[in-house]
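Hi there,

Here is the structure I promised to pass on, with my notes underneath. Have a look at it first, then read on at your leisure.

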Amino acid sequence: MSDEQTRLAELRDRIDSLDKQIMDLISARAQCAQEVAHVKMASRPNEDVFFYRPEREAQVLRRIKAENPGPLSGEEMARLFREIMSACLALEKPMHIAFLGPEGTFTQAAALKHFGHSVVSIPLPAIDDVFREVESGEAHYGVVPVENSTEGMINHTLDMFISSSLKICGEVQLRIHHHLLIADGTDKKAIKRIYSHQQSFAQCRKWLDTHWHEVERVAVSSNAEAARRAASEPGAAAIAGDMAAELYDLRKLAATIEDRPDNTTRFLIIGREEVGPSGHDKSSILVSMRNKPGALYELLEPFHRHGLSLTRLETRPSPSGTWAYVFYIDFEAHADDPQVQTVLQEVDAEAVELKRLGSYPIGVL
C-alpha cells in the first residue's frame, strides 16, 4: 500500500469514528428534547403545550453562528442545526405549517428554510386561506410573503392584519433566483411561450427583452404552476426557482436571470401566540391616526426621541372610511422593552387605534 493509500485509509477511519460520535450526540440531544417536552406536558396537563419557541431557537442559531470554528461557514453550520432541531421537535408532534402554494413556490422554500424539513407543509391557494388555516388551529403557523426588494410590499398581506387576530412570530428573508426552465427533450428553438407569475416576469423583464423578446409571455397564478405547464406542454418554458425545477424534473436553460442579483423577498411567520424576547428583535404595529395637520409627525416623533430605529413605514387605506389611512410600522426592539412601552403609550394617546401585531426575532438564516 502506498503512502497516499495509507493516509487516506487513516483519514477515512477517523471520519467513520467522528460520524459515530456525531450520531450518538444527535441521539442524546433528541432524547433531551423529548424530556423537555414531557416536563412541559406534565406541568400543564390540561393546556395546549407549544413545543416550538421562536425566541429560543433564534438564540441557539445565533450562538452557533458566533461560536462556529470553521471551516464550514456560520450560515452553513446554523442550517445543519436548524434541521437537527426540526427533527427533534417532530419526535413529539410534527408541526403543520400553512403556506401560500402550490408546492414548489418560493413561499414553501421560505417555510422549510425557517422551520426545517421535518414539518408537515400545507399548500393553500390564497393568503386569506393561510390566515384562516392558522386562526382555526388546523395549522400551527403560516408563512406569507410581505415584501420584495424589487417590487415592494405585498399589500394583501398587510391588509389581512387589519382584521386578523394572528400575531407575527418571525420573519425569514429568501434570496430569489429565477431560472428559465424546460423539460428534457424540449428544443430551445421550439419554445413558443414562457409561463411565470407576473411578479417574476417583472423581476426578469430586462433579461427577457434582451434574449426572448419575440416569445409570448403568459402570466399564471404561481411559478410552480408555470413549471407544471412547462413539464407537460410542448414548446413551453417556465421562469421559476430551484424547488419548482426539482419538483417537476425540469432543467435550466438559463440560470439566475433576475435583473437584480440582490433580489430578495421577506416572508412573515404568523401564529396565535406572543413571542418572548430573544435579545435581537423586531416589532410590528398598525396605527390609525386622526386626519389633522401634523398627524404623521406626532406618530413618528416619539420613536425618534426615544432612539428606536424604524425599518418600515407603509400606508394602507382604512376599511373604516373614505380617505382614512392606516400606518404599518416595523421597528427594531421588543414590545417588552421599557422604552418601547413608553413610546407605544405616547402613540396610543394620539391614535384613533393602535394594534400590536407582535414582536419576534430578527431573521437569523
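Let me start in strand β13 (residues 309-317), which is where Leu313 is found. One thing to keep in mind throughout is that this is a predicted model. Leu313 is partly exposed, at a relative accessible area of 34%. Setting aside the neighbours within four places in sequence, Leu313 is in contact with Leu296, Leu300, Phe327, Tyr328 and Ile329. Phe327 sits 14 residues from Leu313 along the chain, and the C-alpha atoms of the two are separated by 6.8 Å.

Now the overall layout. The protein is divided into domain 1 (179-261) and domain 2 (275-361). Between the C-alpha centres of domain 1 and domain 2 there are 41 Å. The strand with Leu313, β13, covers residues 309-317, and the bounds of domain 2 are 275-361.

Next, a helix outside those two ranges. Which residues of helix α5 (residues 127-135) are buried? They are Ile127, Asp129, Val130, Phe131, Glu133 and Val134. Asp129 and Glu133 may catch your eye in that list, given their carboxyl groups, but buried they are. The cover over the buried residues of α5 includes the strands β1 (96-100), β2 (120-124), β3 (141-148) and β11 (264-271), together with helix α6 (155-163). After α5 comes Gly137, which has a positive phi, near 90°.

Another buried residue to look at is Thr186. Its place is in the loop between β6 (179-183) and β7 (193-196). With a relative accessible area of 15%, Thr186 falls under the 20% limit, so it counts as buried. Not counting residues up to four places away in sequence, Thr186 touches Ile191, Ala236 and Arg251.

On to the charged pairs, since you will probably want to go through them. How many salt bridges does the model hold? The count comes to 28. Here are a few of them:

- Glu57 and Arg82: their side chains meet in a salt bridge of 2.6 Å, N to O. Glu57 lies in helix α2 (residues 54-67) and Arg82 in helix α3 (residues 74-92), so this pair ties together parts that are 25 residues apart in sequence. Both Glu57 and Arg82 are buried.
- Arg79 and Glu75: the closest N and O atoms of this salt bridge are 4.0 Å apart, which puts the pair right at the 4 Å cut-off. The two residues are four apart in helix α3, so about one helical turn separates them. Arg79 is partly exposed at 36% relative accessible area, and Glu75 is partly exposed too, at 26%.
- Arg229 and Glu225: in this salt bridge the closest N and O atoms are 2.9 Å apart. Arg229 and Glu225 are four residues apart in helix α9 (residues 223-232), which means that about one helical turn lies between them. Arg229 is partly exposed, with a relative accessible area of 26%, whereas Glu225 is buried at 15%.

Beyond these pairs, there is also a network: salt bridges with shared partners join Glu147, Glu171, Arg266, Lys282, Arg312, Glu314 and Asp330.

Then the cysteines. How many disulfides does the structure hold? The number is zero. Cys88 is in no disulfide, and the nearest cysteine sulfur, belonging to Cys32, is 9.2 Å away. A disulfide needs the two sulfur atoms within 2.5 Å, so the gap of 9.2 Å rules out that pair. Cys88 is buried, with a relative accessible area of 6%. Cys204 is buried as well, at 0%.

Last, something on the surface. Leu18, Ile22 and Ile26 form a nonpolar patch there, and together they have about 240 Å² of accessible area. One of the three, Ile22, lies in helix α1 (residues 3-43). Is Ile22 buried or partly exposed? With a relative accessible area of 47%, Ile22 is partly exposed.

Happy browsing, and best wishes!

Note on methods:
Residues numbered from 1 in each chain as written. Predicted model: local features only at pLDDT ≥ 70, side-chain atom pairs only at ≥ 80, totals over all residues. Heavy atoms only, no water. Domains from an automatic or database assignment. Buried < 20%, exposed > 50% of the residue type's maximum accessible area, 1.4 Å probe, protein only. Contact = heavy atoms within 4.5 Å. Patch = residues over 30% accessible without salt bridge, like charges linked within 9 Å, V, L, I, M, F, W, Y side chains within 5 Å. Areas by Shrake-Rupley, 256 points an atom, 1.4 Å probe, with all protein chains shown as cover.
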